[in-house]
Amino acid sequence: MEVLFWGVRHLKKTQMMMINSPQVSIECAKAFLISDIIKDAKANANFSNAIKTIELQLPTNLEYASPLTIKMMDHRKLGINVFAGIFIKHLKLFLWNPVTSEEREDLLMGRIHFESQANDVDEMEIDDSQTKLKQNKPHMIFTPQNCFCRTSQMNKLVKKTSQIRCICKKTRWQKFRQAFNKKKIICPCLDEYKEEVDAIQKEHKKTCACCRNVFEKLRHVTSGKDQKNRFCAAFLGLFKSSCFGGKCECCKKVAEKIKNICSETGNRCTFCQKICGKLFKKNEKEGDDQFDDSYDNSDYDWWTKYYTSMEPEPTTNERLSIRKKYRLKIFSRELESLSEFSRLEDILMSFPMFKGKRTGDEIIDKEMKTAVFKGGIKIYRWPPPPGVKHVNRSGLPLINGYFSHYPSNNPVHFVMRVYCVKALNLPPKDLNGKCDPYLLVRLNEKVMDDKDNYRPRDLNPVFGRMFEFNGTFPKDHNLIVQIWDMDVTTGDDLIGETTIDVENRIYTDHRASCGLPEFYEETGYCAWRDQMKPSLILKRLCKEWSLPTEEYDVTSVRVCSKVFESPHYESSGDDNIDKEAKALYALRNWHEVPYVGCRMVPEHVETRSLYHPKKAHVEQGKLQLWIDIFSSRNLPPPKAVDIFIKPPVNYELRVTIWNTADVLLQEDDFFTGQKKSDIFVKGFLLGHENVQSTDVHYRSLTGEGNFNWRFIFPMEYLPNEDKTVIYRKEGVFESKKKDVKYPCRLNLQVWENDTFSKDDFLGTLSLDLSHMPRGSKGPEECSLNIIEPRVPHINIFRKKRLRGWWPFKGNDLDGNLTIVGKVEVEFEMMTAEEAEKSPAGLARNGPQALPEPNF
């Protein structure tokens, strides 16, 4: 049994005095392992001589083994030893099966299937009757030396079929192999390879499972011609993501080569000619069908990424703007409660010490807890058989200990930044059913409060605050974030608090100190914010786990037997940036590395529950935050993320209604009986009470209307959230207004005017101002297709001025959804300063008066 005596935390009073000189002893199978005595826990609560071992005699069937007992004693003056607490656990959680260096090499190369060890099993899943101390029997994968995948003939065949390269640098052979997994495709042009495939298969009768699958797929490609149409569809799908000489630099270089190969292939069979024609047709339409990203990088900040992450995940084929490309992970629970990150106890486990038997009641057990012992325990078979040399997970000789590669428990200086985003569902504390929350953050004796920036009358406040601390482990290991209710006449009330173990976020293989973003950027609001670049982190990981040096290829990076290649990789033209992007993709998928891999913590926001000390079982709302921790020993900490809430920008939207066409005619003329309509148009911003209307165009017999009418909508716009803000009183007796946010959307409606009854609604047009579809040049080209989600869009806040025709949607006389009219509109977006310099009047009034329409 090998034990890592790291330290003790959360010391409390026992027998009227605070625990200050603790000593931990571990009993297992009538053997005792005792730690050193901590002389002064207030100054340094870590043990010296952290790693100790002892040999045990355990039964083969652990059902008959005694449990592992951890006991803590407090050494006081005059030789008095006081019992401070005890913890009892089953042995199975600490079992580990050692491996030899050869077995570890096979595990890393994927030749042996790695099974989860016993210490990964949750406490509730332990079955003592099935517990055995024995070595795992790994599953071997048969790979003969003369296998098809190891021969030069395979490489020759690949070269022959590697004629076309797309933007992601994958050959046609690789693309074919990916498509094989989904559908059977056949091309007459590949018949010449059939004989070579059959010859290689006869020569190599013993093949592994992967090669047998390749042979089976190749036979579908090179035999039969009864599924030619399916082949055409599959082949086109291979190149669906390529732009073929569009905006990508790497694709421009190979555009001519692709055309030449396609034209040569097109002369060989009718099916390839069909494919060739469609590819060229796509290339010709590339310029008109480009996606217009309606945002600029200056419009973004961290809140843009946050609110984008709250939206549903886009579909695979959906084209994304830059604004929707970058996301982070929003966890609905605390980070340390997630099993995918081993609850952040993969290196340091926490053992609570109780003075007495636990009752199962959290409140009573919390009062009985006197301390927390931090460390690690491993039990493995020893000594090894003669001539066998075992190694630990990092590849070091096991004779030096399982924990030999662990970091030391010496004091460490660090810089910590606490980013508090927002609170959710806080309980009311005032008579008006609201509360005035503000933040208070405590790290040991260091306290920071944000009382000056309290949020009045808000149960879901958005804080957007950052607190920075300088601390030292193990003294500053516990972070407490509190939310208080500010009161003027009485004392402030504590709403709730959450406690975070900062130390476990540093000492973990999951790298919880700073989350990994999805994409690597050097500038902008998504710039890399860690001390070390991804390539340096990957290099240190390989060195830490005694792995071969990583190997970078054109589009991928190789670690041991695993090749990491992002399906969304695009070259930036800078080799250094491309290297960091490939390394970052490997880090985000580090759990795919056999044996030593684990899931890295991504860039995230965690949602933590708040509790009041006097109401332990009642949740007092939630708090969303994240923490970045940087070592202050070597490199300076990077620039902090700006999450300050920016104020809204004042804009003025001017909408000029020029004409309408093809408006639905519902009324019959009283004298002639002809179909006619008295048309007018309404406009308003979503959530705003400012509703404006044009005058009425009477007796339109063709659906045409002429207005020359101007709407003016002042607004306050939040670019990072893409919403408008209005201020309203929530009640009659409220003295102050509260801000309410709505999507930035303009609604235009066409109506039928009635003299003696209510006006009839005909149709509507809803336009997202930051993501507007382009209008048509005339009413003839205007249709519902121009407002489809996948058409090019523009941002009116950047375009400033736009004019065109858009369709009204509504129900026809039979109740079917169709076009009920078309409107010619001109949009002009101006800031408040620009509008003040160039004023304009409502309707047709001056300044900048509009002419009367000519009927």
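Which residue in E22 does arginine 558 stand opposite? The partner of arginine 558 is valine 563. That pairing is a good place to start a tour of this structure, which is a predicted model.

## The small sheet around arginine 558

The strands here form an open sheet of 3, ordered E20-E21-E22 and paired in the antiparallel sense. E20 (551–552) and E22 (562–564) are the edge strands, each with a single partner, so one side of each has no neighbour in the sheet. Strand E21 (residues 557–559) is joined to E22 by 3 bridges, again antiparallel.

The loop between E20 and E21 holds threonine 555. Is threonine 555 buried or exposed? With a relative accessibility of 9%, threonine 555 counts as buried, because the cut-off for buried is under 20%. In sequence, threonine 555 and serine 566 are 11 residues apart, while their C-alpha atoms are 7.8 Å apart in space.

## The chain as a whole

Stepping back, the chain has 855 residues, and 48% of them are buried. Its elements come to 16 helices and 38 strands. Taking contacts between residues at least 6 apart in sequence, 67% join residues at least 24 apart.

Confidence deserves a look before you use any part of the model. The mean pLDDT of the chain is 80, with 76% of residues at 70 or more. Among the elements, strand E28 (residues 692–693) has the highest mean pLDDT, 96, and helix H6 (residues 228–238) the lowest, 41. Two stretches stay under 50 in pLDDT: residues 116–151 and residues 158–191. For residues 116–151 the model has 71 contacts beyond four places in sequence, and for residues 158–191 it has 89 such contacts.

## Nonpolar cores

How many residues does the largest nonpolar core have? It has 67, and Met416, Leu479, Val481, Ile483, Leu538, Leu547 and Trp590 are those with the most contacts inside it. Strand E14 (residues 412–424) supplies the largest share of this core, 5 residues. Apart from this core lies another, of 40 residues, with Val655, Val663, Val823 and Ala843 among them.

Leucine 479 gives a close-up of the packing. Leaving out residues up to four places away in sequence, leucine 479 touches Met416, Val418, Val441, Arg442, Leu443, Thr498, Thr499, Ile500, Val502 and Ile627.

## Helix H1

Which residues of helix H1 (residues 101–108) are buried? They are Arg104, Leu107 and Leu108. Viewed down the axis of H1, the buried residues fall within an arc of 95°, so they line one face of the helix. Their packing partners are strand E9 (99–100) and strand E13 (390–391). After H1 comes glycine 110, with a positive phi near 80°.

## Salt bridges

The structure holds 31 salt bridges. Three of them are set out here.

| Acidic residue | Basic residue | Closest N to O distance |
|---|---|---|
| Aspartate 492 | Lysine 451 | 3.0 Å |
| Glutamate 603 | Arginine 529 | 3.1 Å |
| Aspartate 678 | Lysine 676 | 3.5 Å |

Take the pair of aspartate 492 and lysine 451, which form a salt bridge. Aspartate 492 sits in the loop between strand E18 (478–485) and strand E19 (493–501), and lysine 451 in the loop between strand E16 (446–449) and strand E17 (462–473), so the pair ties together parts that are 41 residues apart in sequence. Lysine 451 has a relative accessibility of 34% and counts as partly exposed.

Arginine 529 and glutamate 603 also form a salt bridge. This pair links distant parts of the chain, 74 residues apart: arginine 529 is in the loop between helix H12 (503–506) and helix H13 (534–544), and glutamate 603 is in the loop between helix H14 (575–588) and strand E23 (604–612). Both arginine 529 and glutamate 603 are buried.

Aspartate 678 and lysine 676, whose side chains meet in a salt bridge, are both buried as well. Finally, a network of salt bridges links Arg801, Arg803, Glu824, Glu826 and Glu828.

Technical notes: Residues are numbered from 1 along each chain as its sequence is written. Side-chain values use heavy atoms; hydrogens and water are left out. A nonpolar core is a set of buried Ala, Val, Leu, Ile, Met, Phe, Trp, Tyr and Cys residues joined through side-chain atoms within 4.5 Å. Buried means under 20% relative accessible area, exposed over 50%, partly exposed in between (1.4 Å probe, protein chains only). Helices (H or I, at least four residues) and strands (E, at least two) are DSSP runs, numbered from the N terminus. Contact means heavy atoms within 4.5 Å. pLDDT is the predictor's confidence in each residue, from 0 to 100. The arc is that of the directions from the helix axis to the C-beta atoms. Two strands pair if DSSP finds at least two bridges between them. A salt bridge is a side-chain nitrogen of Lys or Arg within 4 Å of a carboxyl oxygen of Asp or Glu.
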